[in-house]
Structure formats: structure tokens, C-alpha cells
Amino acid sequence: MKNYIAVDIGASSGRAVLSYIENKKIHTKEINRFANGFVKRNQKNVWDVDYLFEEILISLNKAKKLGVDSCYLSIDTWGVDYVLLNKEGVRIQEAISYRDSRTNETMPKVFNAISKNVIYEKTGIQFLKFNTLYQLYEEATELKEQTSTILLIPDYLNYLLTGVAKSEITNLSTTQLLKVYGKSLDKELTDLINIQIDAFPDVVEPGAYLGELKANLIENYDLPNTYVYTTASHDTASAVLGSVGECNKSWAFISSGTWSLIGKELNNPIINNQSLEHGYSNERGYGDTYRFLKNIIGMWIIQSVRKDWKENYTFPEMVEEAKKNADFKVFIDFNDDRFINPQSMVQEIQNYCMETNQPVPKTIGEITQTVYLNLAIIYAISIEALNEITNSNIEVINIVGGGSNNGYLNELTARYTNCDVIVGPDEATIFGNLVATMIATNQFKNIEEARKIIAKSNLITRFNKSKYTEEIQKDIDIFKEVTQYAYRT
């Protein structure tokens, strides 16, 4: 029996999951969970990547104590953030978080040199102010002059484990530097930010074998013999890979976590004025596919509300309070930059309502109802745009990720999108992470076979669409009017 360990690290937490296949099911066991989050150092918001690496080693040590002598390891994380290495392969600065403010005013500077339309034609990627393109534009010149290698976070962790530096394509595509076709970075863009194009190592697909752990790590930490593979190392790419969809129906996905990623899996990119206007990305997926998606705000809002609130509510308790206030309706564009990292999310929500002459939510129930209602409306508008751009008639939405556990939001989503909603697996990122390596090691023939096994291995629940009423359409229309909703590009 082959043992697999998937390490999935998000913006707020990470975990390691031990897995094996038995009786045509994928069995999983969480062996380590750890907190994550950016910290303030030298006036910058940064990630503690040394701590993350240590937790990976702790995870492997725990696996060894459970009797695992040999395993396959793969890592996924968030996108866009990176480390800089000098010619000796040593990191020369902290890994700065995408939530840092250094790129707040960067995009207009870049557009003065290369137009937004040209960048989109080159890369097919949504314009987000924290994309790697803009981060590297603001990077200190003296640091860039010292840089020999640039690695995104999962590639750097793999490098620390094996000494092998590669650029995994699903994550690399989030940089807004990769050409939309092929595996090359765009030289005009790398020249603009004063980066040597070969600073990014060779590009590889999910399922590429990197090598065994460094011998000193095995000895010093008492680790199993570990074979490291790339997976779909952007967590959304793994989540989409781990989605099951629905046969014979047009389906979309929502990967619901800190961010909500909403889109379709396509065989070819879509790059036109519509996709640009509506803010859709053509990120790379498993097996030469494209994740045609829109990156919108997600559970970050509710996480921040819980953190800000003076009384200690659990997430399920917050949902129950929202249900009690289902008739409370105010309309907020949570995609507005003001909600990315405010000092107080609750205060920012209240300020927005005051500025738009709406009732101000005051109780925890009114605040949480406001969040869930407006997320569902934003999902509905995004599905409407997705249908138009892809010439589809989406009937089913597969919601995966931690946010899929919120049954109330799932109900609202089915109601406002006028689609059936299937939920699960809630650990789609883990399953996607695993099956990329399992396919590479001949456990499955292809992704179709793997997805059938994922469906058999998980509880999949369904929320049927309800009658689409005039009231629902009225809410969407009022939302657009109040927020002057603009598709974020």
C-alpha cells in the first residue's frame, strides 16, 4: 500500500493529511494542523515561511511515528507571493504578503508603460493589485540585483525539502507574467519590472517528480523516506481538480475559502473584451486545462467580523444569528478594495452603509446576514456573466472548500443564482492535491477516473434551486444600483 501526504497551506491555517487507497476509496487522516497568518516586520506584512517549513517537517515526523516508513509528498498554497534567492540559493528577504499595502498605487504606474489590454492579451489574467507583476515592480532595486532565483511559496518549500528548484505552472500562472499559451514568461513584462526571465526556474506540470528529501533532514528529524512531487500547487487549482461536477450538465465551481473563486474548467482560454471587462482569469489547471474564473472576496469577510466582534461567537452561531435576521437587507460591494484589510471589518461595513444611506447593521445577526446575502448576490452576478462569456447555460454549481460547510450560504446561493448547488467534497483541495500525485504514481489512469473515486469517497449534498421570484431579481437590481457595481478588472 502506497502512502501519500498532502500539505495544504492557506492564508489562515495549514494541515497535513495522510492518505491511502483501499477498496476503491481514498482514505484520509489529518496528522497535523497549524495556524498561519501574516505578521508585521519592519513595517511590512510578511509570511513566516521558516515556520511553515518546520511544520511540514513536524508533519512528516508524525507520519513516521504512525508507522509510515515511505511516502509521497505534495504541497499546495495560495498564489502570487514569492521569495528571492541569491546565487548561493539563500533567501535574501522575508516573503511579503499580498495583503501588504506596497502595491496599492502600482497598477497605474505599470499601465503607463504597458496598457491593461495588452497585458491581458499576453497573460489572460485578472487584474488584482497584489499580482506578482505589481509586487516585483515595487521590489527594491538592490534586492532584484542580488536575485538569482524567484520561487513562489510552494516551489520554495519544495526547494527546501529537495534542493530542486522548479516553477509549477498552476501557481506560476497567477503571477500575471506567464504567457497565456505555452510555458514561457513574457519578456516585455519581465523587462518592465527589471527581472531576468530565467530567474524563474524551468516550468513543470502538476505531478512532476522533484526528488527525495535531503539526507540531513531525514537524519535530523527522523522522517520517512519521502518522494516529493509537484501537485496543482495553487490551492484553487487543487480545489478544482478535486471537484466532482455533474455529468451531462453544464456546471461551474465555487472554491469557497478566504477568497471565493468562481468559474468553469475549460480546454482553451477566453480572452476578449467581455472577459476583460468582467474581470475573469485564465489560470492554468491540471492536464492543460484552464481555470476560467473570477477571484472575489469570500470567507475573509466573516472571519474578520468574528475577529472584530467583542463577544465570542462560533461560526455556526453566527449563521444561526443571520437566519434570525433573514429579512434584514442592505447591499454592499465586498469586492471594493476597502474590504481587503481594514482596521475593523465591522466598522467598515457600517461606514459603507452610512455612506450609501442604508440602514446600519448593528447586531451580530444583522452583520452576518449582510455578509451572506451580498456574497450570494455577487455569486449570482458572476454566474450571469460566466454564462454570457462562455456561451453556457450553467445548471449546477459545485461548491467546495471550507466555506461549503455553510448551509445557509449554500441555500442563498441556490436561490439567487437559480442553479442547483452540489456541495462537496469540503476537502476538495486536499483531494485534488492527492490525486495529481496519485495519477503520477499510477494509482489512477486519468482525472476522470480519479473524480469518480473522489465522489465515492465523500458525502456530496445537494441544494435544489427554488422558484426564482421577482423579489430575488429586485434584490439583485437594488444591489447593482446602490453599489454602482462595476466588474473588477
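**Entry 1: the largest pocket**

I began with the largest pocket of this predicted model and looked up what surrounds it. I found 46 lining residues, and S256, G257, T258, Q303 and G402 are the ones nearest the centre of the pocket. Its volume comes to about 1200 Å³.

Which helix gives the most to this lining? I found that helix α13, residues 315–324, does so with three residues. Sorted by class, the lining of the largest pocket holds 22 polar, 17 nonpolar and seven charged residues.

**Entry 2: the second largest pocket**

Next I turned to the second largest pocket, which has a space of about 470 Å³. I counted 19 residues in its lining, with F38, W300, Q303, S304 and K307 nearest the centre. Q303 was already in my notes, as one of the residues nearest the centre of the largest pocket.

Helix α12, residues 300–308, supplies the largest share of the lining of the second largest pocket, namely six residues. The classes here are eight polar, seven nonpolar and four charged residues.

**Entry 3: the cavity**

Then I looked for enclosed space. How many cavities of 30 Å³ or more does the structure hold? I found one, and the largest cavity has about 40 Å³ of space.

I wrote down the lining of the largest cavity: A237, V240, L241, E265, G285, Y286, T289, R291 and R451. Helix α10, residues 235–241, brings the largest share with three residues. By class, I noted four nonpolar, three charged and two polar residues in this lining.

**Entry 4: strand β17 and its partners**

R291 from the cavity lining led me to β17, where R291 stands opposite E283. Is strand β17, residues 290–297, mostly covered or mostly open? I found it mostly covered, with eight of its eight residues buried.

I then looked up its pairings. Strand β15, residues 259–266, runs antiparallel to β17, and eight bridges join the two. In that pairing, I saw that L261 has N295 of β17 as its bridge partner. Strand β16, residues 281–284, is also antiparallel to β17, here over four bridges.

The hairpin of β16 and β17 has five residues between the strands, and G287 there has a positive phi near 65°.

**Entry 5: a six-stranded sheet**

Now for a sheet. I traced an open sheet of six strands with mixed pairing, in the order β3-β2-β1-β6-β13-β12. At its edges are β3 (25–35) and β12 (209–212), each of which pairs on one side only. From one strand to the next, the twist averages 25°.

Within this sheet I picked out β6 (residues 70–76) and β13 (residues 225–229), which run parallel and are joined by four bridges. There I found L73 opposite V228 of β13.

What packs on the sheet? Helix α17 does, and I noted that it touches β1 (4–9), β2 (13–22), β3, β6 and β13. The direction of α17 makes about 140° with that of β1.

**Entry 6: P425 and I460**

Just along the chain from α17, I stopped at P425, in the loop between β19 (420–423) and α17 (428–440). The peptide bond from G424 to P425 is cis, and its omega is near 0°.

P425 also turned up when I looked up I460, a residue in the loop between α18 (447–456) and β20 (461–463). Beyond its neighbours within four places in sequence, I460 is in contact with V244, I422, V423, G424, P425 and A455. So both G424 and P425, at the two ends of the cis bond, are among the contacts of I460.

Why does I460 count as partly exposed? It does so because its relative accessibility is 29%, between the cut-offs of 20% and 50%.

**Entry 7: two positive phi angles**

Last, I looked at two residues that have a positive phi without being glycine. Q43 has phi near 65° and is found in the loop between β4 (39–41) and β5 (44–47). N357 has phi of about 55°, and its place is the loop between α14 (345–355) and α15 (364–390).

Are they buried or exposed? Q43 is exposed because its relative accessible area is 66%, which is over 50%. N357 is exposed too, with a relative accessible area of 72%.

Terms used. Residues numbered from 1 in each chain as written. Predicted model: local features only at pLDDT ≥ 70, side-chain atom pairs only at ≥ 80, totals over all residues. Heavy atoms only, no water. 1 Å grid on protein atoms, 1.4 Å probe; cavity = no way out; pocket = protein on both sides within 12 Å on 5 of 7 lines; lining within 4 Å. Points joined across faces, edges and corners; volume = space filled by probe spheres on them. Nonpolar A, V, L, I, M, F, W, Y, C, P; charged D, E, K, R; others polar. Buried < 20%, exposed > 50% of the residue type's maximum accessible area, 1.4 Å probe, protein only. Contact = heavy atoms within 4.5 Å. Pairing = 2+ DSSP bridges. Axes fitted to C-alpha atoms, helices over the stretch in contact; angles between N-to-C directions.
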